[in-house]
Amino acid sequence: MHLFSATCEAIAGTGKKTEKVRILADYLRRRTLDEAAVSAVFFSGRPFPAWEETTLQVGGSLLWQVLRELTGKPDVALTAAYRRHGDLGSAAYDLLVAVAPAASTLNVIAVEARFRDIAQARGPAAKAKLTAELLARATALEAKYLIKIVTGELRIGLKESLVEEAIAKAFEEPHAAVQRADMLLGDIGETLRLAAAHRLSEARMRLFHPLGFMLASPVETAEEGFAYFQLAQVEDKYDGIRAQAHCDGKRVRLFSRTLDDITESFPELPEPLANFAEPVILDGEVLAWSGERALPFSELQKRLGRKKVSPALMRSVPVAYVVFDVLYAGGELVIDRPLRERGAILDRVFSEAHSLRTTRLRDPQGKLVFEAEIGTAEPDGALGQVIRAPRLVAESPAELDALFAAAQARGNEGLMIKDVESPYAPGRRGRSWLKLKRELATLDVVVTAVEYGHGKRAGVLSDYTFAVRNGEELVNVGKAYSGLTDAEIAELTDWFLRHTVVDQGFRREVEPTIIVEVAFNAVMRSDRHNSGYALRFPRIVRLRWDKRVGDIDTLARVKEIYQQQKTAYPSAG
């Protein structure tokens, strides 16, 4: 484990990707095959291969407790160390360097075995005991990286794609072949074994591990949206939870954009998703749904963050999985095929499913513009629907503008504009998929509290809670993390440190003086803030040095925007 940790330090110490790859390839080449395979998984920032359902279930509070016991340090010391780094592993190094063993007694094989013991342990006390025993045997440097693996935040500038590249370099295999094998298997360690044996072509698709999601680039106008290709497939851009569905007729799992398993959050969806006649991997969006339209994200939000969803909540906030792409069907991965071919495959997959549903798309006047019997669903009125996303074709910017207006009239965010010749590129953002949406509005707000950031912003106050006026009172309506330059954040950090009202350590309440203009996608009802409302996806547009607190927007304006939204969703109530 000492060599693994030292290699992590060396990789973190260089900003050159080629050097990171060289260092890692050299490490992998010099280890035994078993050590290299386990290390590859660890270097990807996880304790177990991606396809496995095994999880440690060791959170920050448990690690905090273990570090307190091992170091004998009070919470204030832990907080100070965390604030210095914005990273629990690096904070642990500072605290353990004086008390940890000087020499290593661990290796990566033993660590993986202990990780599996921790995963199988039941209850926080048992997990804490095993975790403490592991960290007690580690040097301070090893503990730093053990904790980083446990938390899934390695933070050494090493993406899994670079691990794939290092495997290719170490075993003299084509990078593309390593990349594809890892995508098929969901196991970077098994991929390394195949590369070492020069048998990468033997890799076969394994369902139930998430592939990377293809991402879209934003455009501001219909003209810009139409500038990249001659023929565009157009879909409504929904405001829900992006999800990838893996289905084999018996088992169904849903994965979020962050590749987390979210199946239990939507217990009514596996049954209709099991209706497909063949194993498939689908890409789509989970939405609160009523009749023929999506409901606002604020409705779906009532379902989120719950370990168990009651039948009453499922009835009050029904959901649908709207499918717009297929990644695997007919026993093969189809991501290399153009979108127009994948669309035909998806139509076939839906048509051969065990139940059918008609999907429809109407313009703002109620005129039917799209209709096809290509949707699987439970019978009308039942919980959990799976719907084939309606799609249209645009041949000019004027047509895009008209479709955009119609999509917003249906209560959706805007449009997805896709090149019909584009392959599906997992984890990449390019110009083959574009998203056209316009922010709902902007508000002038005042910053009331600030927090230290994470990673490269660990030492600056970069997360801002902000408020509007409600009479003489200030009421919070959101928190923003993006939009300002590093120079502006540094300048504001100095100001906030000098104008702190209440120092809570990681968080500070500050004098309400700094005015910012924020843009956002929606207003939601929320009990998180004392206003009763929250802005969705707020982004700082600019600092307003020209304004004072008396000039900021009011809670009445927030309520007005909220009511305007509701007219687009008459069934959301």
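Val468 stands opposite Val475 in strand S17. This pair belongs to a predicted model, and the two strands concerned, S16 (residues 461–470) and S17 (residues 473–480), pair in the antiparallel sense over 7 bridges. In general, strands of a sheet pair through backbone hydrogen bonds, either parallel or antiparallel. S16 and S17 form a hairpin with 2 residues between them. In the turn of this hairpin, Gly471 has a positive phi of about 70°.

Thr465 also has its place in strand S16. Is Thr465 buried or exposed? Its relative accessibility is 5%, so Thr465 counts as buried, the limit being under 20%. Leaving out residues up to four places away in sequence, Thr465 touches Val446, Val447, Thr448, Ala449, Asn476, Gly478, Lys479 and Arg507.

Val447 is also among the contacts of Val516, a residue found in strand S20 (residues 515–520). Val516 has 2% relative accessibility and therefore counts as buried. Beyond its neighbours within four places in sequence, Val516 is in contact with Leu443, Asp444, Val445, Val447, Ile540, Arg542, Leu543 and Arg544. Phe506 lies 10 residues from Val516 along the chain, and the C-alpha atoms of the two are separated by 22 Å.

**Strand S7 and its partners**

Why can strand S7 be described as largely enclosed by the rest of the structure? S7 covers residues 319–329, and 11 of its 11 residues are buried, so the strand is largely enclosed in this way. The table lists the strands that pair with S7, together with one bridge from each pairing.

| Partner of S7 | Sense | Bridges | One bridge pair |
|---|---|---|---|
| S5 (residues 280–290) | antiparallel | 8 bridges | Asp283 and Asp325 |
| S11 (residues 385–388) | parallel | 4 bridges | Val323 and Arg388 |
| S8 (residues 332–333) | antiparallel | 2 bridges | Tyr328 and Leu333 |

S7 and S8 also form a hairpin, with 2 residues between them. Gly330, in the turn, has a positive phi of about 60°.

**An open sheet and a helix across it**

Another part of the model contains an open sheet of 5 strands with mixed pairing, in the order S1-S14-S13-S2-S12. Its edge strands are S1 (215–219) and S12 (392–394), each of which pairs on one side only. From one strand to the next, the twist averages 40°.

Strand S2 (residues 232–237) pairs with S12 in the antiparallel sense, over 3 bridges. Within this pairing, Gln233 has Val393 of S12 as its bridge partner. Helix H18 (residues 397–409) lies across S2, S12, S13 (414–419) and S14 (429–437). The direction of H18 is at about 135° to S13.

**The nonpolar cores**

In soluble globular proteins, nonpolar side chains tend to be buried together. The largest nonpolar core of this model has 100 residues. Those with the most contacts inside it are Phe4, Leu24, Leu28, Phe43, Phe115, Leu146 and Ile167. Helix H9 (residues 140–151) gives the most to this core, contributing 8 residues. A second, separate core comprises 34 residues, including Val252, Ile262, Ala288 and Leu295.

Which residues does Phe43 contact, apart from its neighbours within four places in sequence? They are Phe4, Thr7, Cys8, Ile11, Leu24, Tyr27, Leu154, Leu158 and Val163. Cys8, one of these contacts, has 0% relative accessibility and so counts as buried.

Cys247 is likewise buried, with a relative accessible area of 0%. A disulfide is a covalent bond between the sulfur atoms of two cysteines. With a cut-off of 2.5 Å between cysteine sulfur atoms, the count for this model comes to 0 disulfides.

**A buried lysine in helix H9**

Helix H9 also holds Lys148. With 3% relative accessibility, Lys148 counts as buried. What does the side chain of Lys148 reach? It reaches the backbone oxygen of Leu154, at 3.2 Å. Leu154 is also a contact of Phe43. Neighbours within four places in sequence aside, Lys148 is in contact with Asp87, Gly89, Ser90, Glu153, Leu154 and Arg155.

Technical notes. Residues are numbered from 1 along each chain as its sequence is written. This is a predicted model: local features need pLDDT of at least 70, side-chain atom pairs count only at pLDDT 80 or more; totals for chains, interfaces and linings use all residues. Side-chain values use heavy atoms; hydrogens and water are left out. A nonpolar core is a set of buried Ala, Val, Leu, Ile, Met, Phe, Trp, Tyr and Cys residues joined through side-chain atoms within 4.5 Å. Buried means under 20% relative accessible area, exposed over 50%, partly exposed in between (1.4 Å probe, protein chains only). Contact means heavy atoms within 4.5 Å. Two strands pair if DSSP finds at least two bridges between them. Axes are lines fitted to C-alpha atoms, for helices over the stretch in contact, and angles run from 0 to 180 degrees between N-to-C directions. A polar contact is a pair of N or O atoms within 3.5 Å; within protein, one must be able to donate a hydrogen and the other to accept it, and residues adjacent in sequence count only if both atoms are side-chain atoms.
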